[in-house]
Amino acid sequence: MSTFNKFFGTEKYIASESLRNAVNVAIALGRPLLVKGEPGTGKTLLAHSIAKALGKRLIVWNIKSTTKAKDGLYVYDTVQRLNDSRFGDRDISDIKQYIRLGKLGEAFVSDEQVVLLIDEIDKADLEFPNDLLNELDEMSFYIHETGETIKAKHRPIVIITSNSEKELPDAFLRRCIFHYIEFPDREMMEEIVRVHFPGIEENLLKEALKKFYRLRKIESLKKKPSTSELLDWIQVLLASGVSHHRLKSELVFPGVLLKNEADLAQLRGSEVL
Amino acid sequence: MRQIWLNCAGARCCEEMFTDFFYILREKGVPVSITEWMTLMEALDKGLADSSLERFYYLARSILVKSESYYDHYDLAFEEYFRKVGDLSQLREELPGSKLVLEIREELLRWLNDPINGINLSEEEIEKLPRMELYELLDLFRRRLAEQTGRHDGGNKWIGTGGTSPFGNAGQNPAGIRVGGVSRGRSAIRMAHQRRYQNLRSDLTLDVRQIKVALKRLRLLARSGPEDELDLEETIDATCKNAGEIELVFTKSRKNIIKLLLLIDVGGSMTPYAQLCSRLFSAANSLSHFKDFRYFYFHNCIYDHLYTDMARRKKFGIREFFRTFDREYRVIIVGDAWMAPSELTNRYGAIDYEDVSETPGIVRLREIREHFDHVVWLNPEKRDIWERKSIAMIREIFPMFELTLDGLDEAVRELVGRR
């Protein structure tokens with residue numbers, strides 16, 4: 001077995017061929033993998049699945065609008081040090097104890113290779129990705145306060161997700177492997193549902209998917225139902241024991257699929273029900 | 001079965017061969033850089049394409065293309081390049097006598113001619129099927145179509161699905177015409193050919209979310225509001241001055257100071273673009289990140305009034321407009337700028353009675369340009385017709401951009417830039 005084909009998806013996570021390829025290319029080249037796609041197509045789950053499939057620890061760095069690139073490297077807790085200096089409980093000349101490693105730093109110093117998920121990178125400031133360029137390229141950074149250089153013991157497998165709320169800078173993109181997760185087609189969706197509900201009745205599955213894709217076709221919906229909503233819905237269907245005959249004639253529990261009140265109201269008026 | 005040609009030693013021969021692919025990609029508008037190209041070479045060198053063109057399709061795409069909006073451009077380039085490689089005579093000229101080339105060519109030809117579902121037939125069976133040149137096929141196709149009166153599935157003659165007739169969908173004839181439907185094959189050129197990512201192209205359409213993303217970049221940060229952010233530097237300074245007794249200093253947080261005015265042309269020739277404009281409007285309106293957002297309507301050109309409603313009943317005088325909105329406001333005018341030149345240049349030239357004014361429209365437009373520091377004009381009409389008189393005249397006054405994602409991006413850049 002070559003070292004290339006490492007990732008095949010997991011029992012609970014079906015990855016398309018193109019996605020598997022992208023993941024393996026990213027691992028082989030040691031580059032970050034940037035994943036985009038509609039909400040609910042499993043961007044974040046991908047990192048979990050890679051970690052599970054390869055038996056590696058997962059470190060998650062959730063990005064918020066206030067996150068700064070430096071937060072991922074380390075934080076120098078000046079306020080704590082200042083506070084300690086007032087009361088003299090600790091030796092404040094040792095700056096090291098006030099340096100806290102961020103998620104990226106944590107991934108670098110780990111004794112074994114880890115999977116690092118940088119979730120929703122587009123939430124942060126526009127310049128955020130640029131500030132990480134060097135760190136992701138060289139997999140090392142310098143702590144000014146202590147004069148220490150933290151270098152990755154093992155290059156982490158970096159997965160970055162984006163909802164394209166902001167465009168990412170070109171220089172950053174050039175260094176990434178990119179993959180756009182498409183919404184699964186019916187065939188693949190069948191497979192996905194089956195791994196979650198192995199015993200599902202054939203007719204029920206067919207009917208549910210038919211309804212689901214018909215819903216998604218309605219252009220005017222504010223929020224189209226996604227995979228996770230479908231899975232929830234099917235769970236409800238199974239739990240309530242709805243037969244496929246009944247499902248055929250009416251769309252039961254539409255609230256599980258559509259989360260927007262206007263969408264629900266519109267649906268009541270249409271013939272999909 | 002497939003030959004290993006993409007990971008030949010050192011990848012040198014491949015590099016030479018592929019350079020054309022690089023240029024075709026750029027020609028099609030995929031922004032590929034040398035860095036990415038070298039990464040692809042590195043990947044090929046490591047044998048990551050394995051031995052299949054399909055793998056290569058994904059490999060090259062994940063390395064070279066960084067946005068789903070370029071997937072379609074990539075598909076076009078991929079198809080063009082690899083169809084060309086399939087042409088033997090051209091290849092001979094490029095690299096005479098190279099064995100590799102012959103291998104590639106055979107590989108490709110086999111691949112192009114052999115639909116995936118042909119696997120069900122043996123070689124001999126395939127040989128037995130009638131093969132025809134394209135013109136023969138087309139001719140026969142027309143005749144069959146004329147003879148055929150109904151739906152047909154299976155069999156070996158009529159146009160339909162399945163079967164071994166050269167016509168129809170999902171059939172097994174090695175050379176044949178596919179009639180609509182979904183291809184069963186998943187080979188790379190076919191995938192490229194299907195152009196599944198066509199509607200992700202950013203130069204074609206815009207949805208609300210995309211507009212929002214573009215407009216979000218319309219921002220200038222400045223400190224304002226309550227003092228609720230700890231200013232570390234100042235705190236340390238103050239604390240030192242205070243002989244070590246902690247003194248906390250707070251500062252105002254940074255907020256967007258952009259104020260936006262949206263002026264929309266409604267009615268007449270803008271009707272086909274009403275939906276596009278309303279998307280732009282709802283995007284701007286639902287973005288809460290502007291310090292102020294106001295909108296007005298007009299028809300064709302701006303004269304003595306703007307209107308606060310789409311039906312153009314409630315007037316808002318231009319003098320008051322200038323008084324209310326200072327030069328800091330960023331102005332986006334949306335319109336096709338397409339009208340009779342007289343509507344721009346003549347006194348009393350307005351097309352609507354209500355709008356008729358002594359001041360020619362073009363003078364008003366210049367006034368608007370002068371009053372505000374940043375004004376852009378977004379035009380939903382394609383650039384090809386921008387040479388038309390009235391559009392050209394307005395372009396002289398305002399920087400004009402297409403109402404596409406790319407155009408919007410450029411416009412936003414213009415709006416936040418220094419004048």
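Start with the cysteines: across all chains there are zero disulfides, a disulfide being a pair of cysteine sulfur atoms within 2.5 Å. This is a predicted model, where local features need pLDDT of at least 70 and side-chain atom pairs count only at pLDDT 80 or more, while totals for chains, interfaces and linings use all residues. Residues are numbered from 1 along each chain as its sequence is written, chains are lettered from A and ligands numbered from 1 in the order in which they are written, and side-chain values use heavy atoms, with hydrogens and water left out.

**Two cysteines in chain B**

Select B:Cys240 and B:Cys277. Which of the pair is buried and which is exposed? B:Cys240 is exposed at 58% relative accessible area, whereas B:Cys277 is buried at 6%. The cut-offs are under 20% relative accessible area for buried and over 50% for exposed, with partly exposed in between (1.4 Å probe, protein chains only).

**Chain A as a whole**

Now show chain A on its own as a cartoon. You should find 13 helices and nine strands; helices (H or I, at least four residues) and strands (E, at least two) are DSSP runs, numbered from the N terminus. Of the 273 residues in chain A, 48% are buried. Take the contacts in chain A with a separation of 6 or more: 72% of them join residues 24 or more positions apart. Contact here means heavy atoms within 4.5 Å.

For a single example of parts of the chain meeting, pick A:Asp122, in the loop between β5 (114–119) and α6 (128–138) of chain A. A:Asp122 is buried, with a relative accessible area of 2%. Then add A:Ser164, which is 42 residues away along the chain, and check the C-alpha atoms: the separation is 6.3 Å.

**Helix α8 of chain A**

Next, go to helix α8 (residues 186–196) of chain A and show A:Glu190 and A:Arg194, which sit four residues apart there, about one turn of the helix. Their side chains form a salt bridge, 3.6 Å from N to O. The rule for a salt bridge is a side-chain nitrogen of Lys or Arg within 4 Å of a carboxyl oxygen of Asp or Glu. How exposed are the two ends? A:Glu190 is buried at 16% relative accessible area, while A:Arg194 is partly exposed at 29%.

**Where the chains meet**

Bring chain B back and colour the contact: 31 residues come from chain A and 36 residues from chain B. Between them the two chains bury about 3100 Å², 54% of it on carbon and sulfur atoms. Buried area is the accessible area (1.4 Å probe) that two parts lose on being put together, summed over both.

How many salt bridges are there between chain A and chain B? The count is two. One to select is A:Arg31 with B:Glu42, whose closest N and O atoms are 3.7 Å apart. Seven residue pairs are in polar contact across the interface, both residues at pLDDT 80 or more. For a polar contact, a pair of N or O atoms must lie within 3.5 Å; within protein, one must be able to donate a hydrogen and the other to accept it, and residues adjacent in sequence count only if both atoms are side-chain atoms.

On the side of chain A that touches chain B, α1 (17–29), α4 (78–87), α7 (170–174) and β9 (177–181) of chain A each supply at least two residues. The largest share, seven residues, comes from α1(A). By class, this side of chain A has 13 nonpolar, eight polar and 10 charged residues. Ala, Val, Leu, Ile, Met, Phe, Trp, Tyr, Cys and Pro count as nonpolar, Asp, Glu, Lys and Arg as charged, and the others, Gly among them, as polar.

**Over to chain B**

Stay on B:Glu42, which also forms a salt bridge with B:Lys46, with closest N and O atoms 3.8 Å apart. Both ends are partly exposed: B:Glu42 at 31% relative accessibility and B:Lys46 at 47%.

Then show B:Glu80 and B:Lys28, whose side chains meet in a salt bridge of 2.8 Å, N to O. This pair links distant parts of the chain, 52 residues apart: B:Glu80 is in helix α4 (residues 71–85) of chain B, and B:Lys28 is in the loop between α1 (12–27) and α2 (34–45) of chain B.

Last stop: B:Thr251, in strand β5 (residues 250–256) of chain B. B:Thr251 is buried, with a relative accessible area of 17%. Leaving out residues up to four places away in sequence, B:Thr251 touches B:Arg223, B:Pro226, B:Glu227, B:Asp228, B:Glu229 and B:Asp231.
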